[in-house]
Amino acid sequence: MICVALPGLAISTEAGQMTGRGLEGFYRAGRRVLSRCEIRVAGREPLAVQARMAAADRARFVGTLRMSSQAGPDPDVVVERNRHADGTERITLHSAAPHPLRLPVEVSLGTDLADLGSIASGNAGSDLAASVHGAGLRWSGAHGNASVTAEPPPSDALASAGLLRWEIDLPPGGSTSIELRVRPDGAGPLRAVGRAATSPLAAARAEGDDPRVAGLLRTSIEDLRALLLRDPASPGDTHLAAGAPWRCGMAPADAIMAARMALPLGTGLAAGTLRTLARTQLTGPGAQSGMIPGPRRDAGPHLPPQCTGTEATLLFPALLAEARRWGLSEHEMEDLLPAAERCLNWLRATVGDDDPYLRDPYPGGPVRCETQAHAHRAALLGADLLDAHGRSGGAALRQWAHNLRTAFRKDFWVDDRGGGRPAAARAPDGRPVPHLGAAAVHLLDTGLLGAGALAPGLLDKVQVEKLARLLGSPAMDSGWGLRGLGAREPGFNPFGHRAGAVRVQETALAVAGLAATGYEKEASSLLRGALGAAEVFAYRLPEMYAGEQRTRGSAPLPHPAACRPAATPAAAGVLLLTALAGIRPDAPAGTVTLRPVRSAPLGEIGFTGLRVAGAPFSVRVSRLGLAMVEEAADGLQLGV
């Protein structure tokens, strides 16, 4: 159970007690400020009966006790704990006993003040000694201090045992509460970015024949808001952390992709993310000038680790171009255009005049399929962006993209008895790496141009059809979403990160791309699978889960190392649903085009509170697959 309102976290099991084992505790900015918080009433631990997330940042735990000798099997005291990521816990005792109760309540507290990295590697250290501090306890260590304050103050505080005690009088049917506040020394109340009135994410809602759509969109938006961070260099700019608990900082490629999938909620997140990353962009002489720095990450069993900085650099101009279509203001565009131009200049300088491909930045690296898809999209959307602002370079980018398309359709298509497939990469010696994986979905994610048109892709029409059939096959569609690697491929591991596990981001991109190219059967199957998984995970989708085949009565298996919540799956929840309406805005032209999924796989579905052209946008898709705009910005016309 993870409560998130960054930079605050609260982690425990469903029992509700924080025992100090594993990751349990309250955290602030990556440091555990409290590791133990255990309650006993009359010397006994409440019997846990329910644990539920009330929102992304808070959870409710309920336990019971039998205090009356005549009560039989029925509990007569309920212990309710409402826990917040900001470091607040409210403990309420409710009595159903027929007579007054006097109950001793003890709360055992402790901390190691360890950082998350040390805890994850098993080097947290032992609990620190406590001292009595006001109406609570305080701990001091080499990395700072933390304290717990109680209201009402305890009747007794034992520093040596880390114990606070109260004598609670409960009348028949009565209740009483104790509130604990956990904070590092000198820190004020936590002001989570996502709770601010100026949140960049619209409070959109979904409703329809399938009741699950409301829960998925609501939880996705809550999780995105919980993961928002401010850039210390410019606190007005917000971006998404990659995920909790392991990746509470920015991952550039993930942050851009999540902001792109969340564009139906407004352009504010995209603008803040791009401005934050523009401040990290490499400048000056050298081959890396114009790049957005990013770490390397695993690429599965058949390819070496890849550079996420390359991906982020290519996604930057694409996000800016699409944010413009969704309604990003002109003055924000002008501020960000120079950074986008530097990304595009890096692309042109890196590929040179003779090579149609963007190769790995590391010597001896492969030519990756997904990198070419990102580069092709960046070139076409970037050219569109440059032309719109009277900048030069658009024609050269389109010509390079044309050359890349021509070469890719020949060099990257691997013929086989089934009709062929796109290669995952080409090795340095030119041999294709033929393994089918979810990275191929980027070939369908071509990007949005003007007048509701999608940019051309790297594959021709016949190749797109073959890829669509492959993505919809049992080898790739697990029944819970798209596998990272086909089940029949060498090295397949249902738990393997990019080797078989389902990553919701890739499933959502597949659903949107398949729907846009007319392969609604395959898109609908993947959508239903992801929605089924979302229901099992209480609509808080993890960044990945096992790619085991769905069977009658089964459930998706959680991945033990997955972040939950995480930015990309939360944003993917938005894309999964809004793809059904096929919203393609062109705010500069004052139009919005709708290309709904005609088969209406979830029946009727309606959205309210989306954002297009800076104004609320509501749309409904009927059971017949017909879309109707119900609210839009003044003057916004329906495109054809």
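**Exercise 1. An unusual backbone angle at A42**

Is A42 buried, partly exposed or exposed? Classify it, then place it in the fold.

*Solution.* The model is predicted.
- Step 1. The relative accessible area of A42 is 30%.
- Step 2. Buried means under 20% and exposed means over 50%. A42, at 30%, is therefore partly exposed.
- Step 3. Its phi is positive, about 55°, although A42 is not a glycine.
- Step 4. A42 is found in the loop between β6 and β7 (47-55).

**Exercise 2. A second positive phi**

Which loop holds L113? Give its phi and its burial class too.

*Solution.*
- Step 1. L113 lies between β11 (101-110) and α1 (116-120), in the loop.
- Step 2. Phi of L113 is about 50°, a positive value in a residue that is not a glycine.
- Step 3. Relative accessibility is 4%, so L113 counts as buried.
- Background: most residues other than glycine have a negative phi, and most peptide bonds are trans.

**Exercise 3. Cis peptide bonds**

Locate the cis bonds that lead into P7 and P152.

*Solution.*
- Step 1. L6 and P7 are joined by a cis peptide bond with omega about 15°.
- Step 2. P7 sits in the loop between β1 (2-5) and β2 (8-11).
- Step 3. The bond from E151 to P152 is cis as well, with omega near 0°.
- Step 4. P152 belongs to the loop between β14 (144-151) and β15.

**Exercise 4. Reading a sheet**

What is the strand order of the open five-stranded sheet? Find its edges and follow one pairing down to residues.

*Solution.*
- Step 1. The order is β3-β6-β11-β16-β15, with antiparallel pairing.
- Step 2. β3 (18-19) and β15 (156-158) each have a single partner strand, so one side of each lacks a neighbour in the sheet.
- Step 3. β3 runs antiparallel to β6 (residues 36-41), and two bridges join them.
- Step 4. T19 stands opposite R36 in β6.

**Exercise 5. Nonpolar cores**

How many residues make up the largest nonpolar core? Describe the surroundings of one of its best-connected members.

*Solution.*
- Step 1. The largest core has 152 residues.
- Step 2. F316, L347 and I583 have the most contacts inside it.
- Step 3. Leave out residues up to four places away in sequence. I583 then touches W326, T578, V592, T593, L594, L610, V612, F617 and V619.
- Step 4. A second, separate core has 38 residues, including C3, V41, L113 and V182. L113 is the buried loop residue of Exercise 2.
- Background: in soluble globular proteins, nonpolar side chains tend to be buried together.

**Exercise 6. Rings and charges**

Why is the pair F408 and F412 classed as stacked? Then find charged groups placed over rings.

*Solution.*
- Step 1. The whole structure yields three aromatic pairs.
- Step 2. In the F408 and F412 pair, the ring centres are 4.4 Å apart and the planes meet at 10°, so the pair is stacked.
- Step 3. F408 and F412 are both buried.
- Step 4. Ring pairs connect Y357, F408 and F412 into a cluster.
- Step 5. R296 lies over the face of Y362, 3.9 Å from the ring centre.
- Step 6. At W480, the charged end of R550 sits over the ring, 3.9 Å from its centre.

**Exercise 7. Salt bridges across the chain**

How many salt bridges does the model contain? Trace three of them, then name a network.

*Solution.*
- Step 1. The count is 48.
- Step 2. R90 pairs with E179, with the closest N and O atoms 3.2 Å apart. R90 is in strand β10 (residues 88-95) and E179 in strand β17 (residues 175-184), so the pair ties together parts 89 residues apart in sequence. R90 is partly exposed at 38% relative accessibility.
- Step 3. R212 meets E535 at 3.6 Å, N to O. This pair links helix α2 (residues 212-226) with helix α11 (residues 520-536), and the partners are 323 residues apart. R212 is buried at 19%, whereas E535 is partly exposed at 44%.
- Step 4. R297 meets E311 at 2.4 Å, N to O. R297 is in strand β21 (residues 296-297) and E311 in helix α5 (residues 308-326), 14 residues apart. R297 is buried at 16%, and E311 is buried at 6%.
- Step 5. D231, D237, R275, R279 and E332 form one network through salt bridges that share partners.

Key:
Residues numbered from 1 in each chain as written. Predicted model: local features only at pLDDT ≥ 70, side-chain atom pairs only at ≥ 80, totals over all residues. Heavy atoms only, no water. Core = buried A, V, L, I, M, F, W, Y, C linked by side-chain atoms within 4.5 Å. Buried < 20%, exposed > 50% of the residue type's maximum accessible area, 1.4 Å probe, protein only. Contact = heavy atoms within 4.5 Å. Phe/Tyr/Trp six-rings, centres within 6.5 Å; stacked < 30°, edge-to-face > 60°. Lys NZ or Arg CZ within 6 Å of the ring centre and 35° of its normal. Pairing = 2+ DSSP bridges. Helix = DSSP H or I, 4+ residues; strand = E, 2+ residues; numbered from the N terminus. Salt bridge = Lys/Arg side-chain N within 4 Å of Asp/Glu carboxyl O.
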